[in-house]
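Here are some notes for a colleague, to be read with the structure open alongside. They concern a predicted model, and the points below should be taken with that in mind.

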Amino acid sequence: MTASSPSTADLHARYRAVLPSYVKPMYAEPISIDHGQGSYVWDLEGNRYLDFFGGVLTTMVGHNNPRVTAAVQAQAAKVMHTSTLYLSQPMIELAERIAGLSGIPDARVFFTTSGSEANDTAILLATSFRKSNQVLAMRNSYHGRSFTAQAITSHASWSSTSLSGLQVTFVQGPYRLRSPFASLDDAAFTQAAVDDLSQLLDMTSAGNQAALIAEPIQGVGGFATPPDGFFGAMHKELANRGILFISDEVQTGWGRTGDHYWGYQAHGITPDIITFAKGVGNGITLAGVVARAEIMDTIQVTSFSTFGGNPLSAAGGLATLDYVRDNDLQGNAKAMGRRFLDGFGPVVDQTAWIAELRGRGLMWAFEITATDGLEPDPNRTTAVLEAAKAHGLLVGKGGLYGNVIRLAPMLDVSADELDEGIAALSAAIADVH
Ligand SMILES: Cc1ncc(COP(=O)(O)O)c(C=O)c1O
């Protein structure tokens, strides 16, 4: 902090005075973030924190990643904005790269500025292509804050309106712990979800459904992770009826899940549409939609996004994806995920008020309940969040009842950093005992 810079407390008072009440900083005494390096951030007072949340899985390859920072700086000095009215090399190169990575045949890419806008676009495409306003989404989902994204969100505490031009049916999703199917094993749970879907399609739809949109692992929903093959079984039922599958990869893309590059790949399917955002720009505004040409080109009029695919974001995206590839960060996510499970799994086993540890790769969450029961305990969850902060570790919160701690270290997290995080988290849990 310099003589002229504000204190964290000053910023908090100004934040509260000028931002809407529905945006809320975390922690009783919120943290300012002044700068970051790799897996660490520093506040205005110079306190250092190990960042295991990345601004909600968005800083993906480390703060001030030299390769990404250099690419963005170099592009800023050339040209920052062109729009799609002109030919911009970084945008075209990034679209080619993402189309190739997507696994979707004959893919086209449309860039947007947020995950919400990407999901809006996906729903626009699917409903136009299928000539239907009926959409299926998963219970416990979160797809963004825009009007359309809110309509396909199934989270009472995040749903700000019930108004919509869509007719949405929410189907059984991957969140098993508190579902009617909690006691079933993987195969039976998957079958129950498929049977439920099939009955819903027969009983609740009026003709064609346009699409099902799903997060392969539900992010805001507390990293609810389905059994492998779950979406494959759902997809069979949908494909039989011509219903499109939209995979919202906003949190699960780019190798985060370790075993796969995309979350959908755990299910043996190829989606019709993928949406992406967050990590791809390592914090710079970058998002979009990938779809088969026949679906993307269903829009016959001119469409346009002023900032979508701007050269600054595209340069950041290309550098991020190069860094992920050149350092095999999917492999690192897999190895570090295993290390996390080995290190933290025993702590979970010894803690009677942690109901479940779930996730994969570098995407882990645990659910906090009453001791030896399933009653959600959001107060204890807040206490763990605060205690982790006191031990210098930033983690996230989530879940329908605000009783889930979410962890998403950088994809290039080192073994030492991971161990430091496990130690801090274990100490936080011991404090809350
Ligand atoms: C799975 C998922 N989809 C979409 C969004 C919306 O993205 P954005 O906040 O960039 O609009 C989010 C945001 O958290 C998300 O987690």
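How many bridges join strand 9 to strand 10, and do the two run parallel or antiparallel?

1. Strand 9 and strand 10 run antiparallel and are joined by 4 bridges, and within this pairing T275 stands opposite V289 of strand 10.

2. The two strands belong to an open sheet of 7 strands with mixed pairing, whose order is 4-10-9-8-7-5-6. Strand 4 (107-112) and strand 6 (167-171) stand at its edges, and because each has a single partner strand, one side of each is left without a neighbour in the sheet. From one strand to the next, the twist averages 20°.

3. Helix 4 lies across strand 4, strand 9 and strand 10, and its direction makes an angle of about 125° with strand 4.

4. Two residues other than glycine deserve a look for their backbone angles. K278, in the loop between strand 9 (273-276) and strand 10 (287-292), has a positive phi of about 45°, and this residue counts as buried because 27 other C-beta atoms lie within 10 Å, where 20 or more suffice. S83, in the loop between helix 3 (66-78) and helix 4 (89-102), has a positive phi near 80°, but with 14 C-beta neighbours inside 10 Å S83 is classed as partly exposed.

5. Around the ligand there are 17 residues, of which S114, G115, S116, G144 and V250 are the closest. Helix 5 (residues 115-130) supplies the largest share of this shell, namely 3 residues, and by character the shell divides into 6 nonpolar, 8 polar and 3 charged residues.

Key: Residues are numbered from 1 along each chain as its sequence is written. This is a predicted model: local features need pLDDT of at least 70, side-chain atom pairs count only at pLDDT 80 or more; totals for chains, interfaces and linings use all residues. A residue is near a molecule or strand if its C-beta atom, placed from the backbone, lies within 6 Å of it. Ala, Val, Leu, Ile, Met, Phe, Trp, Tyr, Cys and Pro count as nonpolar, Asp, Glu, Lys and Arg as charged, and the others, Gly among them, as polar. A residue is buried if 20 or more other C-beta atoms lie within 10 Å of its own, exposed if 12 or fewer, and partly exposed in between; C-beta atoms are placed from the backbone. Two strands pair if DSSP finds at least two bridges between them. Axes are lines fitted to C-alpha atoms, for helices over the stretch in contact, and angles run from 0 to 180 degrees between N-to-C directions. Two residues are in contact if their C-beta atoms, placed from the backbone, lie within 7 Å.
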